[in-house]
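Biologist: I would like a close look at a single part of this protein, set against the rest of the fold. Please take one helix and its surroundings, and then go on to the ligand site.

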Amino acid sequence: METPVTEARGVRVQILPDLEAISHQAVSLFIKISKTSFGERDRFVVALSGGTTPRRFYSLIGSPLYREEVDWSRVHLFWVDERCVPEEDEASNFKLVFDTLLSVVPIPRENIHPMRAGEGPDQGAGEYEKEMKKFFGESGSPVFDLVLLGVGEDGHTASLFPGSDLIQERSRLVAPVYLGEPKKDRITLTLPVLNQARHILFLVAGHSKAEVVRAILGKEGHQEGYPAGLVHPVRGQVTWLIDEEAASKMKDER
Ligand code: 6PG
């Protein structure tokens with residue numbers, strides 16, 4: 001039986017048993033949205049996240065079970081954020097997606113748009129902004145067909161952290177994030193770009209996320225303090241796929 005999807009304050013929430021169920025549902029949405037995008041625009045442009053939660057989703061969509069359901073020749077992959085480490089570093093978001101997905105699906109090299117962080121956050125952010133403008137055009141905001149996001153225990157999403165000035169960013173598409181040590185510095189898409197997307201999908205799993213999920217999505221939720229709570233696409237749809245553990249504290253409040 002299909003798990004019910006609730007909608008409150010413009011946000012769709014679907015609670016599923018565990019990470020495996022979330023990952024399968026994310027695959028099914030990815031395939032469905034890809035088909036609509038191919039039909040309407042002849043391409044499917046996606047921005048991907050790092051973190052531990054989407055790993056299973058990436059492996060599943062690349063598995064023999066599902067990979068042939070996507071026309072990879074018309075998929076374009078961007079990243080929502082990246083750590084300033086070499087591409088072969090275990091902390092690299094590019095490496096995560098390469099190992100689990102890019103190495104097994106027939107996606108053309110020119111459709112892969114990694115954030116290059118090797119020369120540091122400032123230069124990397126500047127180059128990615130140029131790359132996005134080249135792809136989407138100079139005028140108007142880039143519109144992704146799908147953005148995949150996660151949320152940290154502190155409410156961060158992409159590399160937009162609570163209390164950061166970047167939350168107020170209105171003009172840059174991509175920004176450097178300095179976290180005190182070069183290996184921790186990052187590059188991130190900004191809220192104005194995320195909020196232009198046609199679909200945004202949050203994947204959230206595990207007990208450690210229960211409090212932040214309650215804080216953002218519960219009845220008494222106060223989204224302002226949490227960057228993930230500020231993700232409200234201006235004309236798109238945001239869906240949170242949450243497992244039972246992560247939903248445990250907000251369930252009674254909705
Ligand atoms: C990253 C992210 C980040 C992530 C959250 C949740 O590169 O780390 O883009 O925003 O989505 O930190 O991470 P987990 O999935 O590991 O909980």
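Modeller: What follows describes helix H3 and the residues around it, then a second helix, the ligand site and the whole chain.

The model is predicted. The helix chosen is H3, which covers residues 93–102. How much of H3 is covered? Eight of its 10 residues are buried. They are Asn93, Phe94, Lys95, Leu96, Val97, Thr100, Leu101 and Leu102. The cover over these buried residues includes two strands, S4 (75–79) and S5 (81–83), along with strand S3 (44–48) and helix H2 (55–61).

At the N-terminal end of H3, Ser92 acts as the cap, with a side-chain oxygen 3.1 Å from the backbone nitrogen of Phe94. Phe94 itself is part of H3. Is Phe94 buried or exposed? Phe94 counts as buried because its relative accessibility is 11%, and the limit for buried is under 20%. Leaving out residues up to four places away in sequence, Phe94 touches Trp79, Glu82, Glu87, Leu102, Ile112 and Pro114. One of these, Pro114, is 20 residues from Phe94 along the chain, yet the two C-alpha atoms are separated by 6.4 Å.

The loop between H3 and helix H4 (121–136) holds Asn111. Asn111 has a relative accessible area of 5%, so this residue is buried. Which residues does Asn111 contact, apart from its neighbours within four places in sequence? They are Trp72, Ser73, Arg74, Val75, His76 and Leu77. With Ser73 there is also a polar contact: a polar atom of the Asn111 side chain lies 3.0 Å from the backbone oxygen of Ser73.

A second helix, H6 (residues 210–217), can be described in the same way. Six of the eight residues of H6 are buried, namely Ala210, Val212, Val213, Ala215, Ile216 and Leu217. Those buried residues pack against three strands, S2 (11–16), S9 (199–204) and S10 (237–243), and against helix H7 (244–247).

Next comes the ligand. How many residues surround the ligand? There are 15, and the closest are Thr52, Thr53, His156, Ala158 and Lys209. By class, the shell has nine polar, four charged and two nonpolar residues. Oxygen atoms of the ligand have polar partners in the protein. A polar side-chain atom of Lys209 is 2.5 Å from a ligand oxygen, and a polar backbone atom of Ala158 is 2.6 Å from one. For Asp81, a polar side-chain atom lies 2.9 Å from an oxygen of the ligand. On its own the ligand has 410 Å² of accessible area, and the protein covers 89% of that.

Finally, the whole chain. The protein has 10 strands and seven helices. Its C-alpha trace spans about 45 × 40 × 35 Å along the principal axes. The radius of gyration is 17 Å, which agrees with a compact globule, because 254 residues in such a globule would give a value near 18 Å. Of the 254 residues, 56% are buried. Among contacts with a separation of 6 or more, 76% join residues 24 or more positions apart. The protein exposes about 11500 Å², and carbon and sulfur atoms supply 50% of that area.

Conventions:
Residues numbered from 1 in each chain as written. Predicted model: local features only at pLDDT ≥ 70, side-chain atom pairs only at ≥ 80, totals over all residues. Heavy atoms only, no water. Near = heavy atom within 4 Å. Polar contact = N/O pair within 3.5 Å; in protein donor to acceptor, adjacent residues only side chain to side chain. Areas by Shrake-Rupley, 256 points an atom, 1.4 Å probe, with all protein chains shown as cover. Nonpolar A, V, L, I, M, F, W, Y, C, P; charged D, E, K, R; others polar. Helix = DSSP H or I, 4+ residues; strand = E, 2+ residues; numbered from the N terminus. Rg over C-alpha atoms; globule rule 2.2 N^0.38 Å. Buried < 20%, exposed > 50% of the residue type's maximum accessible area, 1.4 Å probe, protein only. Contact = heavy atoms within 4.5 Å.
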